[in-house]
Amino acid sequence: MPTTPQTTNLSGHYDLPAISWDAVRTRLDEGFDQTPGAGGPNRHTSWLTTINEDGSPHVTAVGALWVDDAFWFETGASTRKGRNLARDPRCVLSLSTDLFDLAAEGEAHPVTDPGTVARLAAEWASGGWPCEVDESGRHLTAPFSAPSAGKPPWTIYKITARRVTSVLTVEPGGATTWRF
């Protein structure tokens, strides 16, 4: 993602300043542990919206990561989100943190490069999910995952965001959209 996106202040009519993309990136770089009691009022939550075959939205919680200025998640090929993304990669990842709510619109594509898969498996494992790279080197496996992920092996997806909108949940408030 470029570091200097096109910025639109959505709070101009409230006389609130635009939110700094650098401040949002810095907060995302700190991580957003999704275990209960780990952040936000009780925890951080991320939701993925994909497009069903009939054009309706499908929304489900995912264990997303922010690494290298991108959002990442995993799922099985037979899940609804996996089937939806195979047909149409457009999606939205929504996230609530202790400082802001955020929606990243873009496309999610599978990532099977063994080095990237291993690096992201280590990121998830360091956060408490005991995943590891499967024997193919291109997917993940673990003793458990969210039921919505389906059975292993799981494929990692990278979201390339085209537009991100954030609303501050703390003073001074504000809402901003960035286009990349």
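The side chain of S166 reaches the backbone oxygen of D101 at 3.1 Å. This is a predicted model, and S166 is found in its strand 10. S166 counts as buried, because its relative accessibility is 0%, below the 20% cut-off for that class.

**S166 and its surroundings**

- Apart from neighbours within four places in sequence, S166 is in contact with I19, V24, F100, D101, L102, G174, A175, T176 and W178.
- D101 therefore appears twice for S166: as the residue whose backbone oxygen its side chain reaches, and in its list of contacts.
- V24, another contact of S166, is one of the buried residues of helix 1.

**Helix 1**

- Helix 1 covers residues 21–29, and its buried residues are W21, V24, R25, R27 and L28.
- These buried residues lie on the same side of helix 1, because they cover an arc of only 160° around the axis.
- They pack against strand 4 (65–67), strand 5 (70–75), strand 6 (90–96), strand 7 (100–111), strand 10 (155–168) and strand 11 (175–179).
- At the start of helix 1, the backbone nitrogen of D22 has a side-chain oxygen of S20 within 3.2 Å.
- G31, which follows helix 1, has a positive phi, near 90°.

**Nonpolar cores**

- In soluble globular proteins, nonpolar side chains tend to be buried together.
- The largest nonpolar core here has 24 residues, and those touching the most other members are V24, L28, F71, F73, L102 and I159.
- Helix 1, strand 5, strand 6, strand 7 and strand 10 are the elements that give two or more residues to this core.
- L28 touches W66, F71, L95, F100 and L102, with residues up to four places away in sequence not counted.
- A second, separate core has 16 residues, among them A70, V111, L140 and A149.

**A61 in strand 3**

- A61 lies in strand 3, which runs over residues 57–61.
- With a relative accessible area of 37%, A61 is partly exposed, because that class lies between the 20% limit for buried and the 50% limit for exposed.
- A61 touches S46, W47 and S148, again not counting residues up to four places away in sequence.
- The C-alpha atoms of A61 and L48 are separated by 6.1 Å, and the two residues are 13 residues apart along the chain.

**The chain as a whole**

- The secondary structure of the protein chain comes to 3 helices and 11 strands.
- Along the sequence, these elements follow the pattern β-α-β-β-β-β-α-β-β-α-β-β-β-β.
- The radius of gyration of the protein chain is 17 Å, which agrees with the value near 16 Å for a compact globule of 180 residues.
- The C-alpha trace spans about 55 × 35 × 30 Å along its principal axes.
- Of the 180 residues in the protein chain, 43% are buried.
- Among contacts with a separation of 6 or more, 59% are between residues 24 or more positions apart.
- The accessible surface of the protein chain is about 9,100 Å², and carbon and sulfur atoms account for 52% of that surface.

Notes. Residues numbered from 1 in each chain as written. Predicted model: local features only at pLDDT ≥ 70, side-chain atom pairs only at ≥ 80, totals over all residues. Heavy atoms only, no water. Buried < 20%, exposed > 50% of the residue type's maximum accessible area, 1.4 Å probe, protein only. Helix = DSSP H or I, 4+ residues; strand = E, 2+ residues; numbered from the N terminus. Arc of directions from axis to C-beta. Contact = heavy atoms within 4.5 Å. Polar contact = N/O pair within 3.5 Å; in protein donor to acceptor, adjacent residues only side chain to side chain. Core = buried A, V, L, I, M, F, W, Y, C linked by side-chain atoms within 4.5 Å. Rg over C-alpha atoms; globule rule 2.2 N^0.38 Å. Areas by Shrake-Rupley, 256 points an atom, 1.4 Å probe, with all protein chains shown as cover.
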